[in-house]
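Colleague: I would like to go through this model with you. Could you take my questions as they come?

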Amino acid sequence: MTAVISASHLSKWYGNVLGLNDISLELEEGITGLLGPNGAGKSTFMKLVTGQMKPAIGTVAIRGRRVWNDPEIFQGIGFCPEQDVFYEDMTGSEFLAGLLRFYGFPKKEIDDRAARALDVVDLTADKDRLIRGYSRGMRQRIKFAQAIAHDPGILILDEPLSGLDPLGKRKLIKLIKGFKDEGRTVIVSSHVLPEIEALTSQIVLIHQGQILAQGDIPYIRELIEAHPHQISVRSSDPRALAARFVGDRSIQKMTFAADGQTLVVETHKRDEFFGRLTGIVLEGGIEVDEISSPDDNLQAVFEYLVGK
Amino acid sequence: MAIVREKGYTHWNGQLVERRFPWAPIARTGVRLAFRKKGFKFVFAMAFMPSFVFLVTLYISERLEDFKGFVQGNTALLNVDPNYFKLFLTSGFVLFSLLLVLVFAAAGLIAEDLKHNSLQLYFARPIGKKDYILGKMSVVAFFILILVALPWLLLVVFKLIFAGNFKFFLQYPWLPLSILGYSLLLTVFLGCYVLLLSAVSRNTRYVIVLIFGVYYFSSVLAEILKKAFGSPYMALFSIPADLQQAGAALFGQKLPLAIPAFWSFLILAGICVLAAAVLNRKIRSVEVIK
Amino acid sequence: MTVAKAVRQVFGFFAFLGRKAGKVRVFAVLGLMPVALAVVVRIVLHGRSGPMAAVFTEILMVFFLQFYIVILALFYGTSITAEEVENRTLSYLITRPLPKAAIVLGKFAAYVLLMFGMVVVSLALSYFIMNAARLSDPELYLTFLRYLGVLGLGIVAYTAFFTLLGTFLKRAIIVGLVFGFGWENVIQYFPGSTQKFSIVHYLKSLLPYHPASISGGRGVALLLFRLEPTKPLAAVLMLAAVSAALLALACWLFRTKEYLYED
């Protein structure tokens, strides 16, 4: 697959502060989550990709075209900024229609597109209210609407779910996933891990201006060989189960959970452990009710990589 | 008996004491933020220029013999008396430099709070509207008193030091009070003026335009009306003229305008009352959007 | 999209937005001051057209030329870039398929039109009220058009200058104030060719003013104090060239500079 967005040795300084540190990456079609704590460099990367800033060193390109000072590239890009800012004296529909003019659409098409975008984000009833009077959630939705109104092939969303209530978040997540099914490319940034997990399994982890990891969550998890896997086993007799494992050299650590029914094991060799566990269950005598991997998720990957 | 404390959230067991000056943190922060602005320190330093020039003239006036060649018979210009103090203090340049300092330090005092919806944060604390306004006014007061009252009172002291006697003070004992009075007039008026305009808009740039615009427009308008109607009372429309008239009255000197000083004080007071009314309306914790 | 089309679209957007802004009302009310003055003067100087013409030329034009258009151009000119950066709405513009020069030029055109509209209304009302007794005189209308032309050129030139300032300076408004109310006023006292280093010199050179015929040669008009006028055609060309150069520089700067929001 050809890269939609590619960055090569991309670096950016703010005075003496290093915002992005020699980043090279390629993002392909589909939804990619850009994940990192506050100040990691996500917004800096987004601003470079959307041509709002010039790279100090390196290049960033969209479908092979460098972004800086190439306005034509934005015909097919929709950007939803993080800041909660608008032309406050406009109504929702005026705002969308006004921005749609910049794509060269005829008047009728502008009105149709604006109406469709408002409908998608459930703001049709409030389209004639001044944006100044919108609630936080409405403002976030109109911001999203202006990013999609011209049907871009590439969507770049900087914290799109912030300020939305749980229902709003669910709707938007469903919408974004729908874009992927339509063959569009979506880059979403967030520092809220469950949001990213709900959207995609393809992530780029950024911290202190560097890419810590890129790929799908299980793959990244596998990469972290040094960090033992945690497996939680709930059974009728966890102590007996522990006794069967205590001599195993692949087991790093065993603890009992507060409920008294669960054995939590840390091991480097997950597959080997599961093989032994299956054998023990088949031998009989110990009933296993539930097996789970508490750290086989983005939170654990993130915390480990970020060093918390 | 040993006390074992749990590591966790602990509630402070002390008693909250009501602050005597709840506006003080607002004032302190305002002054600190002003000094953080780029270019402000330069503008602030330049605002001391008139007092520095005056200090030099004070020195020369006491050492006329040494500067005979330099002065070349223009000794009348160096006759330091209350009128001389008044001329300097009420000059256009001093007022302009004060405005410039206030533009940096005070134009955004309320405008920025309105822009960022910070009023709710202020009033979620145990402070009232009065404390808020007093705090903001104190920022203006700080700069005006530092730029006017302090250096000019010190200049009176320098005059006595350079003269080597108290003759000047004995001749004009009310001069320090005049300086203080004029400083207070400037503090109250310019504070009200700047805060009024700052409360009128969320856009600091627009407030800056208004501060200078209204100030200079009033002069232009007064000039136009004076030419059209030929009446000296038209000068009352000019804010700088009113300040100069009031300053002359406070220094007990000949008034620059051929009208009673009372009218200028009235105009200035009127603007302060307008400012109080606007601030009372604009400063509230809840914004009503129609 | 071509630059011309993009300029048209940006113009339309900001002409609409500019009309809605509350500040327009404030500036429009400011422009009504000379109208109110014209009404008052008309009542006071009823029937005396000579003195009224002199009042307009010598007094009201001071307001328009040395205050109103300067303050309008200062605010709107610096707003072209500064407003978008301060309000953080610049992202909405530069992530559209618009050449950056079109953003500057389109906004410039929109704001110039807005300012011109305010000036036309104010000038027309005050001028024709002051000269109500001479409405049948065709010379009156030519003079009005000339005044309007001068103010229009002034708006363009000043706005171009302040646009450039706003594009590369953070505190453009303060530098603009010093230029507009400091330099432009003080420069008239400088001898020789120094006057030519100001915009107001060329504007004053274009004024339809004849001191001997209006005020009987008595006194000196406020506006034309110490003026050594440039020939009208040269003045127009100079203003046009300076405006074009300043705008071109502003466009180039806007294209090459990156604007960071203050956090």
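Modeller: What follows is a discussion of the chains, their sheets and helices, and their contacts.

Colleague: What should I know before reading the numbers?

Modeller: This is a predicted model, in which local features need pLDDT of at least 70 and side-chain atom pairs count only at pLDDT 80 or more, while totals for chains, interfaces and linings use all residues. Residues are numbered from 1 along each chain as its sequence is written, and chains are lettered from A and ligands numbered from 1 in the order in which they are written.

Colleague: How many helices and strands does chain A have?

Modeller: Chain A has 10 helices and 14 strands. Helices (H or I, at least four residues) and strands (E, at least two) are DSSP runs, numbered from the N terminus. Along the principal axes, the C-alpha atoms of chain A fill a box of roughly 75 × 45 × 35 Å.

Colleague: And into which domains is chain A divided?

Modeller: Domain 1 covers 5–85 + 135–222 and domain 2 covers 225–306; such bounds come from an automatic or database domain assignment. The centres of the two domains of chain A, taken over C-alpha atoms, are separated by 36 Å.

Colleague: Which order do the strands take in the sheet with strand 14 of chain A?

Modeller: The order is 12-13-11-14 in chain A, an open sheet of four strands with antiparallel pairing. Two strands pair if DSSP finds at least two bridges between them. At the edges are strand 12 (251–256) and strand 14 (288–292) of chain A, each pairing on one side only. On average, neighbouring strands of this sheet are turned by 20 degrees against each other, direction ignored.

Colleague: Over how many bridges do strand 12 and strand 13 of chain A pair?

Modeller: Strand 12 and strand 13 (residues 262–267) of chain A pair over five bridges, in the antiparallel sense. K253(A) stands opposite E266(A), which is in strand 13 of chain A.

Colleague: Which strands does helix 8 of chain A lie across?

Modeller: Helix 8 (residues 238–245) of chain A lies across strand 11 (229–235), strand 12 and strand 13 of chain A, at about 25 degrees to strand 13. Helix 9 (residues 270–283) of chain A lies across strand 11, strand 13 and strand 14 of chain A, at about 15 degrees to strand 11. Axes are lines fitted to C-alpha atoms, for helices over the stretch in contact, and angles run from 0 to 180 degrees between N-to-C directions. Two residues are in contact if their C-beta atoms, placed from the backbone, lie within 7 Å.

Colleague: What about the sheet with strand 5 of chain A?

Modeller: That is an open sheet of four strands in chain A, with the order 2-1-4-5 and antiparallel pairing. Its edge strands are strand 2 (17–27) and strand 5 (65–66) of chain A. Strand 4 (residues 57–62) and strand 5 of chain A pair over two bridges, and I62(A) has R65(A) in strand 5 as its bridge partner. Helix 1 (residues 42–49) of chain A lies across strand 1 (5–14), strand 2 and strand 4 of chain A, at about 120 degrees to strand 1.

Colleague: Turning to chain C, how many helices and strands are there?

Modeller: Chain C has 11 helices and zero strands. Buried residues make up 46% of its 263 residues; a residue is buried if 20 or more other C-beta atoms lie within 10 Å of its own, exposed if 12 or fewer, and partly exposed in between, with C-beta atoms placed from the backbone.

Colleague: Which residues of helix 11 of chain C are buried?

Modeller: Among them are A235(C), L239(C), S243(C), L246(C) and L247(C). Residues three or four places apart point the same way, because an α-helix has 3.6 residues a turn.

Colleague: How many residues of chain C are in contact with chain A?

Modeller: 22 residues of chain C are in contact with 24 residues of chain A. The largest share of that side of chain C, seven residues, comes from helix 1 of chain C.

Colleague: And the contact between chain C and chain B?

Modeller: That contact takes 23 residues from chain C and 16 residues from chain B. Helix 4 of chain C gives the most to the side of chain C that touches chain B, with 13 residues. The residues of that side divide into 18 nonpolar, one polar and four charged. Ala, Val, Leu, Ile, Met, Phe, Trp, Tyr, Cys and Pro count as nonpolar, Asp, Glu, Lys and Arg as charged, and the others, Gly among them, as polar.
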